[in-house]
Amino acid sequence: MPHASSPSSSPRPLRLARLLLPFGLLLLVSLLVLHGRPPGTRPGQSGTDPAALFLSLSPGANASIAADLLTLTSGPHLAGTPGAAGVAAHVLSRLRAAGLRTLTREYAPLLSYRAHASLALLAADRSLLAHLSTDEPADPGRRVVRPYHAYAPSGAAVAEAVFVNLGREEDLAALDRLGVSLRGRVAVAVRGGGYRGGVVARAAGRGAVAVLIAGRADGGVERGTVLLGGPGDPLTPGWAAADGAERLGFDHEAVRRRFPTIPSMPVSADTASAIVRSLGGPALPAEWRAGLGLEGHAGGVGPGPTLVNFTYQEDRKMATIKDIFAVIKGREEPDRYVILGNHRDAWTYGAVDPNSGTAALLDVARRLGIMLRSGWTPRRTIILCSWDAEEFGMVLFSRSGQLNGSKRTLEIFNPKL
């Protein structure tokens with residue numbers, strides 16, 4: 001007869017399972033610990049706290065960042081110029097060395113460069129008193145791009161000059177009280193009156209024919225844009241300046257109002273001081289003297305009796321720029337993005353602006369690459385960006401505040417994530 005089991009006994013398979021279960025659990029836990037993956041961790045995750053792991057990679061960061069910064073600033077790299085290519089290549093190679101998936105996008109926005117400029121001080125009878133420098137005193141070898149205002153229109157003027165201090169509304173109101181008009185004259189300002197394009201626009205609104213904006217007595221010459229009406233490529237406002245993209249014409253009202261109506265130029269404090277020291281007219285307000293180091297100068301704000309002979313020729317053209325991206329696909333929400341970026345172009349060497357940030361961005365990429373190799377993956381997609389041509393008025397942005405080309409770029413990312 002078959003043996004009947006008692007209520008206290010168990011079938012043999014069940015007893016064997018009970019014996020093996022603790023051993024199996026111990027083996028499973030051991031394997032998870034060895035692989036750094038605690039129970040409940042999803043595939044592709046590390047058991048280490050991501051923040052702690054990221055910070056644990058700090059040793060050597062100073063050397064890595066310093067080496068990148070040295071390479072990034074070894075030469076001038078204004079957007080659209082040959083020097084920009086080497087910096088772009090370095091950023092791309094470092095992102096690839098980190099093991100990140102990369103891609104690049106090229107655009108052709110309207111950029112603006114200096115073709116020719118001259119400046120002279122004339123006597124009332126138009127005889128030459130002095131040729132004035134349009135260069136930066138700190139760059140006698142002309143190693144970097146010569147000072148200019150991007151998108152300043154070509155033009156020429158031989159006219160009396162008026163010193164407008166910082167070129168703010170209150171400065172122009174002070175000139176009104178002194179009975180001094182800017183109409184038909186060259187406005188000479190000191191940098192510090194807000195956006196330089198606004199200084200030019202205010203002077204133009206008072207009838208000035210040209211504007212010179214000086215660096216302060218203790219500083220250099222500030223290059224920059226005078227584009228009006230917000231950021232973005234003037235010819236593609238709100239969409240990417242990609243190859244074959246629709247572009248507005250220069251006679252379009254939306255384009256015309258983006259450009260100043262009179263030429264302008266950044267100059268050194270020495271150049272501006274030479275002009276202001278030649279002026280007569282109402283006495284120079286005491287508080288206006290410090291910007292150009294004119295303490296003790298008893299001259300006036302102008303106009304005259306001297307004249308300024310100023311010419312500027314702009315080279316405006318479609319230039320190729322390159323944006324660089326590295327993409328880390330998100331684990332749970334790949335269609336949601338964490339974007340970390342910085343521009344790469346600079347008016348000169350760009351050690352502080354922007355490549356202190358670019359060097360830090362590359363070290364972040366290095367650390368993320370190590371974390372990926374350890375088994376970590378982010379919950380959402382991370383996109384590291386290195387943008388070009390920010391210095392020209394953030395032409396990477398449209399006037400609506402959206403990234404020029406961002407929709408197209410993310411559409412490219414999405415299907416292949």
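Start with helix α4: at 1.5 Å a residue, its 15 residues should span 21 Å, and the 22 Å between its end C-alpha atoms agrees with that. This is a predicted model, and the briefing follows α4 to its neighbour α9, then looks at how α3 meets α9.

**Helix α4**
- Buried positions in α4 are Ala84, Val87, Ala88, His90, Val91, Leu92, Arg94 and Leu95.
- An α-helix has 3.6 residues a turn, so residues three or four places apart point the same way.
- The cover over α4's buried residues includes two helices, α3 and α9, along with the strands β1 (101–107), β11 and β13.
- Right after α4 comes Gly99, with a positive phi of about 85°.

**Helix α9**
- α9 covers residues 355–373, and its 19 residues should span 27 Å at 1.5 Å a residue; the end C-alpha atoms are 27 Å apart, so the two agree.
- Buried here are Asn355, Thr358, Ala359, Leu361, Leu362, Asp363, Ala365, Arg367, Leu368, Gly369 and Met371.
- Helices that help cover those buried residues include α2 (50–56), α3 (61–72) and α4 (83–97).
- Strands do some of that covering too, among them β11 (321–328), β12 (333–343) and β13 (380–387).
- Gly375 follows α9, and its phi is positive, near 110°.

**How α4 packs on α9**
- The axes of α4 and α9 sit 9 Å apart, at an angle of about 20°.
- Angles under 35 degrees count as roughly parallel, and α4 and α9 are therefore roughly parallel to each other.
- The crossing of α4 past α9 is right-handed.
- On the α4 side, the contact uses His90, Val91, Arg94 and Leu95; on the α9 side, Thr358, Leu362 and Ala365.
- Sorted by class, the contact of α4 with α9 comes to four nonpolar residues, two polar and one charged.

**How α3 packs on α9**
- The axes of α3 and α9 come within 9 Å and cross at roughly 130°.
- That angle makes α3 oblique to α9.
- α3 also goes past α9 in a right-handed crossing.
- From α3, the contact takes in Ala61, Ser64, Ile65, Asp68, Leu69 and Leu72; from α9, Asn355, Ser356, Thr358, Ala359, Ala360, Leu362, Asp363, Arg366 and Arg367.
- The class split for the contact of α3 with α9 is seven nonpolar, four polar and four charged residues.

**Residues worth a click**
- Thr358 and Leu362 of α9 turn up in the contact with α4 and also in the contact with α3, and both are buried.

Terms used. Residues are numbered from 1 along each chain as its sequence is written. This is a predicted model: local features need pLDDT of at least 70, side-chain atom pairs count only at pLDDT 80 or more; totals for chains, interfaces and linings use all residues. Side-chain values use heavy atoms; hydrogens and water are left out. Helices (H or I, at least four residues) and strands (E, at least two) are DSSP runs, numbered from the N terminus. The expected span of a helix is 1.5 Å times one less than its number of residues. Buried means under 20% relative accessible area, exposed over 50%, partly exposed in between (1.4 Å probe, protein chains only). Contact means heavy atoms within 4.5 Å. Axes are lines fitted to C-alpha atoms, for helices over the stretch in contact, and angles run from 0 to 180 degrees between N-to-C directions. Angles under 35 degrees count as roughly parallel, over 145 as roughly antiparallel, 65 to 115 as roughly perpendicular and the rest as oblique. A crossing is left-handed if the near helix is turned anticlockwise from the far one by less than a right angle, and right-handed if clockwise. Ala, Val, Leu, Ile, Met, Phe, Trp, Tyr, Cys and Pro count as nonpolar, Asp, Glu, Lys and Arg as charged, and the others, Gly among them, as polar.
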